[in-house]
Amino acid sequence: MKEVKYSFTRLPEAYYYEFFSEGPRGRVKKIVGYKLIEERPNRIYNLGFGDWDDQTEDLNDTIATNNHDRQKVLATVADTVLDFTKNQPGASVFAQGSTLARTRLYQMGIAAFWEEIGSLFVVVGYYDGKWQPFEKGKNYEAFLIKRK
Amino acid sequence: MNNGKNTSKLSNPIAEREEKVALYTKASYFQKKDKKAAEFLKKHPVPAEFLK
C-alpha cells in the first residue's frame, strides 16, 4: 500500500497488531485483532479493531478518536490485513463493525484503497440478504476478504 | 517494592508481549465481537464459490 500509514507492532502469538494514532487528541493506542471463528471447511478470522482503553483494559470501537487521521488509520488497518493474510495463506477475513457507522467506515476503507485491494483480494459483502462481490456505493452489513 | 514487574518487562520483551497478548485476549470486546460474527456467519453462510 502506497498510502501514508503508521508502523505497527505484530504480536504473532495471537494475531494482534498495535499502532498509535497521533493528532490533536494526542497519542491513541489502536489494536487490530484477528480471531479464528470458523475452521471448516474454510478458515475464517474475525477482524476486530478499536481504541485501547488502559483503564477498562478493553477495546472500544464505538467512539470517534477525532485525531484527524482517518485515512492513515484505515491504511494501517488495511496494511495489517495484507500482513495477516500473507502469513495465513488460504484464510479469509470477516469484518463487521459493532455499529452501522463502523461497518460503513470499513466500507469506506475498502473503497478508498480499492485499486490495490481489488487487485490482491476477492472481497464480498453481505447486502440485501445475500453475499455478493463488493461494489463501491453499497451499504453492506458485513465483508469477507480473501487473497486471490 | 514494586519494581520487579517493570524491570522484568524492560529486560524481557517476550514476557512483555505475552502479557499484552493475555491482556488483549481477556478483552470482552473481542469475545462479544467474535461471538456476534460467528452467529452472523452461521445465519448467513458465505457461499463456497467465494471461499475457493
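Among contacts in chain A between residues at least 6 apart in sequence, what share joins residues at least 24 apart? In this predicted model, the share comes to 54%. Chain A is built from three helices and nine strands. Read from the N terminus, its elements go β-β-β-β-β-α-β-α-α-β-β-β, so to speak a run of strands, then a mixed stretch, then strands again. The C-alpha trace spans about 40 × 35 × 30 Å along its principal axes. For 148 residues, a compact globule would be expected to have a radius of gyration near 15 Å, and chain A, at 15 Å, agrees with that.

Next comes the inside of chain A. Of its 148 residues, 39% count as buried. The largest nonpolar core holds 43 residues, and helix H1 of chain A (residues 70–87) gives the most to this core, with seven residues. Leu47(A), Val93(A), Phe94(A), Ala95(A), Val123(A), Phe143(A) and Ile145(A) have the most contacts inside the core. Phe143(A) makes a handy example: leaving out residues up to four places away in sequence, it touches Ala95(A), Tyr106(A), Ile110(A), Val123(A) and Gly125(A). This fits a general pattern: in soluble globular proteins, nonpolar side chains tend to be buried together.

A few spots in the loops of chain A deserve a look at their backbone. Arg40(A) and Pro41(A) are joined by a cis peptide bond, with omega at about 0 degrees, and Pro41(A) sits in the loop between S3 and S4 of chain A. One loop further on, between S4 and S5 of chain A, is Glu57(A). Glu57(A) is not a glycine, yet its phi is positive, at about 55 degrees. Glu57(A) counts as exposed because it has 12 C-beta neighbours inside 10 Å. Asp128(A), in the loop between S7 and strand S8 (130–133) of chain A, also has a positive phi, near 55 degrees, and is likewise a residue other than glycine. With 10 other C-beta atoms within 10 Å, Asp128(A) is exposed.

Chain B is put together from three helices and zero strands, in the order α-α-α from the N terminus on. Of its 52 residues, 12% count as buried. Where the chains meet, 28 residues of chain A are in contact with 22 residues of chain B. On the chain A side, the elements giving two or more residues are strands S3 (26–38), S4 (44–53), S5 (58–60), S6 (92–95), S7 (121–127) and S9 (142–147). S3(A) gives the most, with five residues. By type, this side of chain A divides into 14 nonpolar, eight polar and six charged residues.

On the chain B side, helix H3 (residues 28–43) is worth following. Its 16 residues, at 1.5 Å a residue, should span 22 Å, and this agrees with the 23 Å between its end C-alpha atoms. Which residues of H3(B) are buried? They are Tyr29(B), Phe30(B), Lys33(B) and Ala37(B). Seen down the axis of H3(B), these buried residues fall within an arc of 85 degrees, so they line one face of the helix. They pack against S3, S4, S5 and S6 of chain A. On the other side of H3(B), Ser28(B), Lys35(B), Glu39(B), Lys42(B) and Lys43(B) are exposed.

Conventions:
Residues are numbered from 1 along each chain as its sequence is written. Chains are lettered from A and ligands numbered from 1 in the order in which they are written. This is a predicted model: local features need pLDDT of at least 70, side-chain atom pairs count only at pLDDT 80 or more; totals for chains, interfaces and linings use all residues. Two residues are in contact if their C-beta atoms, placed from the backbone, lie within 7 Å. Helices (H or I, at least four residues) and strands (E, at least two) are DSSP runs, numbered from the N terminus. Ala, Val, Leu, Ile, Met, Phe, Trp, Tyr, Cys and Pro count as nonpolar, Asp, Glu, Lys and Arg as charged, and the others, Gly among them, as polar. The expected span of a helix is 1.5 Å times one less than its number of residues. A residue is buried if 20 or more other C-beta atoms lie within 10 Å of its own, exposed if 12 or fewer, and partly exposed in between; C-beta atoms are placed from the backbone. The arc is that of the directions from the helix axis to the C-beta atoms. A nonpolar core is a set of buried Ala, Val, Leu, Ile, Met, Phe, Trp, Tyr and Cys residues joined through C-beta atoms within 7 Å. The radius of gyration is taken over C-alpha atoms; the globule rule is 2.2 Å times the number of residues to the power 0.38.
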